[in-house]
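Thanks for coming. I will go through the nonpolar cores, then the cysteines, then one threonine.

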Amino acid sequence: MIYCRVTADLSKLRDNLGRTAEICHGAGLQFAAVTKCISGDEKILRVVEETDCDMIADSRLQNLAGMRTKKPRFMIRPAQKWEIPDIPANAEISFQSEAETIGLLGREAARRGLRHKVVLACDLGDLREGCFYGDRDDILKTAEAVVREPALELYGVGMNLSCFGGVLPCEENMRGLTEIAAMLRGRFGLPVPVVSGGSTVLIRDLLEGTVVPGINHCRIGELWLAGHDPGRNEDIPGFHTTCFTLEAQLIEVKEKPSKPIGPIGGDAFGHVIEREDLGTMRRGILACGRQELELDSLIPLDGRVKILGGSSDHTIVDLSEAPGYRVGDVLTLRMGYGAILRAWTSRYVERRYVGLEA
């Protein structure tokens with residue numbers, strides 16, 4: 001048996017996808033299932049394909065290019081120039097925010113005899129990608145770049161929230177996006193049918209029925225992958241939270257002080273951490289670290305075990321309340337979105353599938 005190992009429960013993923021589609025469709029929104037976290041995994045994509053999600057969204061061209069799907073593919077990161085020759089053939093829709101890039105994309109789509117849909121990325125305050133909502137001139141200039149390309153369609157507008165700045169959806173930013181869509185419809189006489197209002201952080205508004213009218217599309221990943229709302233840091237009732245679990249083996253178990261001894265500087269990643277003196281502690285080391293995992297989004301299923309931190313190759317756990325663990329024992333941990341993302345892109349992590357026809 002190889003550790004560390006991630007187990008994906010395909011039955012739980014199917015349930016979460018179905019529930020997400022049900023909530024979105026009940027609120028009149030299309031649901032784009034975001035798959036970037038699982039790196040184009042064929043077995044999980046087969047589950048996605050069989051659900052009622054409306055399209056598949058991914059930020060990596062390499063993932064989109066390998067997908068066998070009948071659903072529309074939505075590239076949700078603005079294109080790098082080197083990617084442009086391959087985007088029209090591997091994604092029916094893409095986020096874009098730069099007029100120059102849009103021009104290149106339009107010419108490439110025309111050369112291939114394809115028609116490509118562009119969703120204009122708009123920044124409503126999270127300060128990641130998109131035309132800034134206060135810069136009307138840039139919004140119009142970028143939209144005009146789409147309209148003047150015969151092979152492109154101004155398919156919609158969209159925003160990202162809670163990704164860089166942690167901004168949550170609210171009436172102001174959602175209404176701001178619908179107003180941009182209305183402005184573009186009026187200016188160009190086009191339907192601009194899609195108003196994509198965000199990600200998993202929109203789930204509370206969907207459940208409470210408070211989504212601003214006019215928002216009709218969302219791109220959701222963490223909800224169906226982990227059953228969690230990162231904006232409010234809470235699990236969502238009715239969703240599985242253990243679709244992905246990690247198994248890691250203890251390679252050391254010893255009694256040691258809890259506070260490091262000697263002058264304190266930066267750790268292996270440059271972080272200066274002051275640790276509290278809690279006396280002697282039974283400490284275990286797992287044979288995995290930050291190279292494989294995002295430690296902050298791991299939760300031991302044994303509530304007596306606590307994660308203390310880690311380095312590139314080691315994860316340190318407090319076993320003081322769980323004295324029965326020995327070297328060679330395997331701990332199982334629930335994985336949040338960051339842990340799934342890191343593990344699924346690491347060649348040092350074995351994958352296992354359960355449920356359905358795994």
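By a nonpolar core I mean a set of buried Ala, Val, Leu, Ile, Met, Phe, Trp, Tyr and Cys residues joined through side-chain atoms within 4.5 Å. Keep in mind that this is a predicted model.

The largest nonpolar core has 97 residues. Which of them touch the most other members? They are Ile44, Val157, Leu184, Trp224, Phe244 and Met335. A second, separate core holds 12 residues, among them Ala32, Met55, Ala57 and Ala121. As background, nonpolar side chains in soluble globular proteins tend to be buried together.

Take Met335 from that list. Leaving out residues up to four places away in sequence, methionine 335 touches Val6, Ala226, Phe244, Thr245, Leu246, Leu293, Ser297, Leu298, Ile340 and Ala343. Phe244, then, is one of the residues touched by methionine 335, and Phe244 is also on the list for the largest core.

Now the cysteines. How many disulfides does the structure hold? Zero. The cut-off is 2.5 Å between the two sulfur atoms. For cysteine 218, the closest cysteine sulfur belongs to cysteine 24, at 3.4 Å, so the pair is too far apart for a bond. For cysteine 131, the closest is in cysteine 122, at 5.9 Å, which is also too far. Cysteine 218 is buried, at 0% relative accessibility, and cysteine 131 is buried at 0% as well.

Cys131 leads to the last residue, threonine 142, which contacts it. Threonine 142 sits in helix H6, residues 136-147. Is it buried or exposed? Threonine 142 is buried, because its relative accessibility is 0%. Beyond its neighbours within four places in sequence, threonine 142 is in contact with Ser97, Glu98, Ala99, Ile102, Leu120 and Cys131.

Technical notes. Residues are numbered from 1 along each chain as its sequence is written. This is a predicted model: local features need pLDDT of at least 70, side-chain atom pairs count only at pLDDT 80 or more; totals for chains, interfaces and linings use all residues. Side-chain values use heavy atoms; hydrogens and water are left out. Buried means under 20% relative accessible area, exposed over 50%, partly exposed in between (1.4 Å probe, protein chains only). Helices (H or I, at least four residues) and strands (E, at least two) are DSSP runs, numbered from the N terminus. Contact means heavy atoms within 4.5 Å.
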